[in-house]
Amino acid sequence: MTQDQETQNRNTKDQHTLLEGYAGAGPVAGEDPEMSRILRRETHSSRAGAAAIAAVLVIVLCLYALLEAGVRAVGQPPWLIDPTTAAGRIIALPEGISPLLLGASGAVVAMVGLFFFLHAVLPGRRARHLLRDPRTAVVVDDEVLASALARRARTAANVTQEQVMVIVSRQLVVVNVRPTSGSRVSEEAVLAAVQAELEEMSPVPMPSVRVNLASSGVIGA
């Protein structure tokens, strides 16, 4: 065996080892960095809107300050308020302003600041899950998962569609069942059926399941 063949075999083994490492690290297809960015964009809300709003506000304030400074430089009266007068009023707060107006202004500023703060800190996850697939990346809405789980739950409980409501969140699936009067529903059977459906779909992250049986039933048709 030549040196080139040995090098090629070594590279092939390294590639197989790398692929096995990816398979063991994450069962969702497309674990490469580019696909990870695509999946994150599909499962997380964009911050572009909040960033654009903040940029527009900063630009408008800067343009206004530049306009007032230019008007003052040429000796013309201020367009809205003189910068020096505005700075003096801000320093003198809360003098010269009614408590009601001051409180309302502070509340508005606090709400705007809280809006941008939450957009910067919170993860902004969408109501979506990834499905395990060895060949492709699958993103599904939580409403679709809830519909599939509700169908499995009402089959196990032997009830109608209106008697089952499923709520899917990132870490928890809540199955609410209203049994038919005079008919017994096994909570364990519903739980096992929903868990089996989840294992078949294999969403990422895998949520836990909680079944709630209503104390009062409905009259069967």
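1. Helices are DSSP runs of H or I with at least four residues, strands are DSSP runs of E with at least two, and both are numbered from the N terminus. Under that rule, Ser 202 sits in the loop between H7 and S5. Note that this is a predicted model.

2. Overall make-up. The chain holds seven helices and six strands. Read from the N terminus, the order is α-α-α-α-α-β-β-α-β-β-α-β-β. The chain has 221 residues, and 22% of them are buried. Of the contacts with a separation of 6 or more, 59% link residues 24 or more positions apart.

3. Mixed sheet. Three strands make an open sheet in the order S3-S4-S6, with mixed pairing. S3 (164-168) and S6 (208-213) are the edge strands, and each of them pairs on one side only. Ignoring direction, neighbouring strands of this sheet are turned by 15° against each other on average.

4. The S3/S4 pair. S4 covers residues 172-177 and pairs with S3 in the antiparallel sense, over five bridges. The two strands are joined by a hairpin of three residues. Two facing pairs help in checking the register. Val 168 is opposite Val 173 of S4. Met 165 is opposite Asn 176 of S4.

5. The S4/S6 pair. Here the strands run parallel, and six bridges join them. On this side of S4, Val 174 faces Arg 210 of S6. In a regular strand, side chains alternate between the two faces of the sheet.

6. Helices on the mixed sheet. H6 (residues 142-157) lies across S3 and S4, and it runs at about 145° to S3. H7 (residues 187-201) packs on the sheet as well, where it touches S4 and S6. The direction of H7 makes about 150° with that of S6.

7. Antiparallel sheet. A further three strands form an open sheet in the order S2-S1-S5, with antiparallel pairing. Its edge strands are S2 (138-141) and S5 (203-204), each paired on one side only. H6 packs on this sheet, with contacts to S1, S2 and S5. The direction of H6 makes about 75° with that of S2. H6 therefore meets both sheets by the heavy-atom criterion of 4.5 Å.

8. Bridges around S1. S1 (residues 128-131) pairs with S5 in the antiparallel sense over two bridges. Two bridges are what a pair of strands needs at least, so S1 and S5 count as paired. Leu 131 stands opposite Pro 203 of S5. S1 also runs antiparallel to S2, and four bridges join these two. Arg 128 has Asp 141 of S2 as its bridge partner.

9. Backbone points to inspect. Most residues other than glycine have a negative phi, and most peptide bonds are trans. Where does the backbone depart from this? Asn 158 is one such place, with a positive phi of about 60° although it is not a glycine. Ser 202 is another, with a positive phi of about 55°, again in a residue that is not a glycine. The peptide bond from Val 204 to Pro 205 is cis, with omega near 0°. Pro 205 belongs to the loop between S5 and S6.

10. Are Asn 158 and Ser 202 buried or exposed? Asn 158, in the loop between H6 and S3, has a relative accessible area of 64%. The cut-off for exposed is over 50%, so Asn 158 is exposed. Ser 202, in the loop between H7 and S5, has a relative accessible area of 15%. The cut-off for buried is under 20%, so Ser 202 is buried.

11. Pocket. What is the volume of the largest pocket? The value is about 230 Å³. Its lining consists of Ile 81, Ala 86, Arg 89, Ile 90, Ala 92, Leu 93, Glu 95, Gly 96 and Ile 97. By class, the lining residues divide into six nonpolar, one polar and two charged. Arg and Glu count as charged and Gly as polar, so Arg 89 and Glu 95 are the charged residues and Gly 96 is the polar one.

Terms used: Residues numbered from 1 in each chain as written. Predicted model: local features only at pLDDT ≥ 70, side-chain atom pairs only at ≥ 80, totals over all residues. Heavy atoms only, no water. 1 Å grid on protein atoms, 1.4 Å probe; cavity = no way out; pocket = protein on both sides within 12 Å on 5 of 7 lines; lining within 4 Å. Points joined across faces, edges and corners; volume = space filled by probe spheres on them. Axes fitted to C-alpha atoms, helices over the stretch in contact; angles between N-to-C directions. Buried < 20%, exposed > 50% of the residue type's maximum accessible area, 1.4 Å probe, protein only.
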